[in-house]
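User: I'd like to go through this model and ask how each label was earned. Can you set the values against the cut-offs for me?

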Amino acid sequence: MSQPDSGRSATQSTVLPNGAGAPAPIKAIRLRHPWRNVVAVILILMLALFIIDASQRDAYGWDNFAKYIFDKRISQAAGYTLLLTIYSMIIAIILGITLAVMRLSDNPVVKGVAWLYLWVFRGTPIYVQLVFWGLFATIYKTIDIGIPFTTPWLQFPTDFISVFWLAVIGLSLNEAAYMAEIVRAGILSVDKGQDEAATALGMSWIQTMRRVVIPQAMRIIIPPTGNEVISMLKTTSLVAAVPFSFDLYGRSRDISAVIFDPIPLLLVASAWYLAFTSILMVGQYFLEKRFSRGVGQARPEKKGTETGAIPVTTGIVVPPGAGGTDTTDKPGKEHR
Amino acid sequence: MTTATSDIPMVHADCVSKSFGSNEVLKSISLTVPRGEVLCLVGPSGSGKSTFLRCINHLERVNAGRLTVDGVLVGYEERGDKLYELKPKVAARQRRDIGMVFQRFNLFPHMTAIENIIEAPIRVKGIKKEAAVVRARELLARVGLAEKEDAYPAHLSGGQQQRVAIARALAMDPKLMLFDEPTSALDPELVGEVLDVMKNLAESGMTMIVVTHEMGFAREVADSLVFMDGGVVVESGDPAEVLSNPKHKRTQAFLSKVL
């Protein structure tokens, strides 16, 4: 046999470990990790002790927990919490996209205004902002529409705005600042060449954004937005600052004030929050899976996907009899 | 075409200059591309070839000199003796007639090959979808990818992607095609298929400006060749003449490395 041939068969055997002449699998004594086991046992013991103790501790008031977990007032409050979350996120996303586009604008004033907004709303605590919104009617008695310094055409008294909507405004304006940064990161993540290609084809700025940039930015925008929804759900517990008290946490506090037993109601609220965040986390998982797929968004192809560059079974010489374990280059399977 | 307009060169640059800040990228470039001819721009990287192409397509604005495409001033509007910057809408209308092919293809990754091609004709020209699809299929067949219309760019090889990109540009029925190093990002064995498409296009009478390092293509297809370095035209003329008999020292040094 000539030398190149023997060299080739050597590469073959490394390419095909399951071939006819494959060596027996190695049987070695596994490396022990004694300390790992010790730590695990201690942790499990501590957790078990805590659970046993908690189940018997009177202060947790499990009878009251059982009594109120599906109380009608609580489930209504859970509904309010969900509504606060949904309305706030919708407004925050719309406002966030607007702010992101403003920050990417060439107009320095527009850019500056967006920056100022972000500076104020990210630079102050959400709790303080909510207290401010609660005092909105005190600061601005009416909203006037008209030419400044003249008699207004329309005048709205502000004390008509319900506390619920003040809470939504407070939550959404704060969240918009964070959404703006997420959307901006998404838009900036799209290759500049995409913008140029669309522009070179004569597409307008709006068309380029809507048809080319935003669909690609979504892959970057969706996962952190899911996080923000989960975060918003929990932040709604702060609306007591407005004060709005029909949400999950507010209602639990009210009930506990009447029965003089705060702890079981805190557990009730926590259980509901956990249930909601768990559902959202499952949704988030599927969304991320959906949007993190290959750039080509692999829609299954009927005809198979030969890349044209690399012929199937490049360099792998299939030994006779190894029929089942041959070609790894089956078309359409690159994305396993 | 023997209309009155055929005397006007497709592209005419007269002392065109462009700088980014204090960095002067184009220094008084003058050249003419007659209708139906192919011009190859060669030169080392950073010599301003790509910038010149981008100026023709309004992706950059020239700072000095006059640049016209089909007799129309590029980037500015002339009213009386004053120049006005173009509104985006007007610039977009002028760009439609100029096809551009990029080094890195820049296909839209979330659209299939045929969706890439019909996007601009439908959105920009307002062509009906059915008609656009028929035309797109013709173009795909022309670049030899008839069976790939439903493939996403990620599932195409570099050469196939670039051919789709060429078809996408042709779908707008341009009167001028600009190629910015169309084969530089390709594996060597895929270069040929793209050059073949470009050669056919040149034979069909398309006016083309090609920035390239493929000297074989330049020699075979181009009507004229321009060698640029440091933002100036160093040498220009008949491709065969310039390539085999470079007069300027800089051209000789460059060609000795490339050929």
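User: What makes up the lining of the largest pocket, by residue class?

Analyst: This is a predicted model, and in it the lining divides into 16 nonpolar, 9 polar and 12 charged residues. Tyr and Trp are counted as nonpolar here, and Gly as polar.

User: Which residues lie nearest the centre of the largest pocket?

Analyst: Asp106(A), Lys192(A), Asp195(A), Thr199(A) and Trp205(A), out of 37 lining residues. A residue counts as lining if it has an atom within 4 Å of a pocket point. The space in this pocket comes to about 1400 Å³.

User: How do you know which helices supply the lining?

Analyst: Each of these gives at least two lining residues: H8 (163–189), H9 (192–200) and H10 (205–235) of chain A, plus H2 (88–96) of chain B. The largest share, 7 residues, comes from H2(B).

User: Why is Ser88(A) called buried?

Analyst: Buried means under 20% relative accessible area. Ser88(A) has 0%, so the label fits. Ser88(A) is part of helix H4 of chain A, residues 72–103. Leaving out residues up to four places away in sequence, Ser88(A) touches Val168(A), Leu171(A), Ser172(A) and Met232(A).

User: What makes a set of residues a nonpolar core, and which ones have the most contacts inside the largest core?

Analyst: The members must be buried, belong to the listed nonpolar types and be joined through side-chain atoms within 4.5 Å. The largest such core has 50 residues, and those with the most contacts inside it are Ile166(B), Met177(B), Phe179(B), Met198(B) and Met208(B). Helix H6 of chain B, residues 188–203, gives the most to this core, with 7 residues. There's also a second, separate core of 41 residues, with Leu39(B), Tyr76(B), Val211(B) and Met228(B) among them.

User: Which residues is Met198(B) in contact with, setting aside neighbours within four places in sequence?

Analyst: Ile166(B), Phe179(B), Pro182(B), Met208(B), Val210(B) and Phe217(B). Contact here means heavy atoms within 4.5 Å.

User: Why is chain B, with its 9 helices and 12 strands, described as compact as a globular protein of its length?

Analyst: The radius of gyration of chain B is 18 Å, and the globule rule gives 18 Å for 259 residues, so chain B is as compact as a globular protein of that length. The C-alpha atoms fill a box of roughly 50 × 50 × 40 Å along the principal axes.

User: How many of the residues of chain B count as buried?

Analyst: 54% of the 259. As for contacts in chain B between residues at least 6 apart in sequence, 64% join residues at least 24 apart.

Notes
Residues numbered from 1 in each chain as written. Chains lettered and ligands numbered in written order. Predicted model: local features only at pLDDT ≥ 70, side-chain atom pairs only at ≥ 80, totals over all residues. Heavy atoms only, no water. 1 Å grid on protein atoms, 1.4 Å probe; cavity = no way out; pocket = protein on both sides within 12 Å on 5 of 7 lines; lining within 4 Å. Points joined across faces, edges and corners; volume = space filled by probe spheres on them. Helix = DSSP H or I, 4+ residues; strand = E, 2+ residues; numbered from the N terminus. Buried < 20%, exposed > 50% of the residue type's maximum accessible area, 1.4 Å probe, protein only. Rg over C-alpha atoms; globule rule 2.2 N^0.38 Å.
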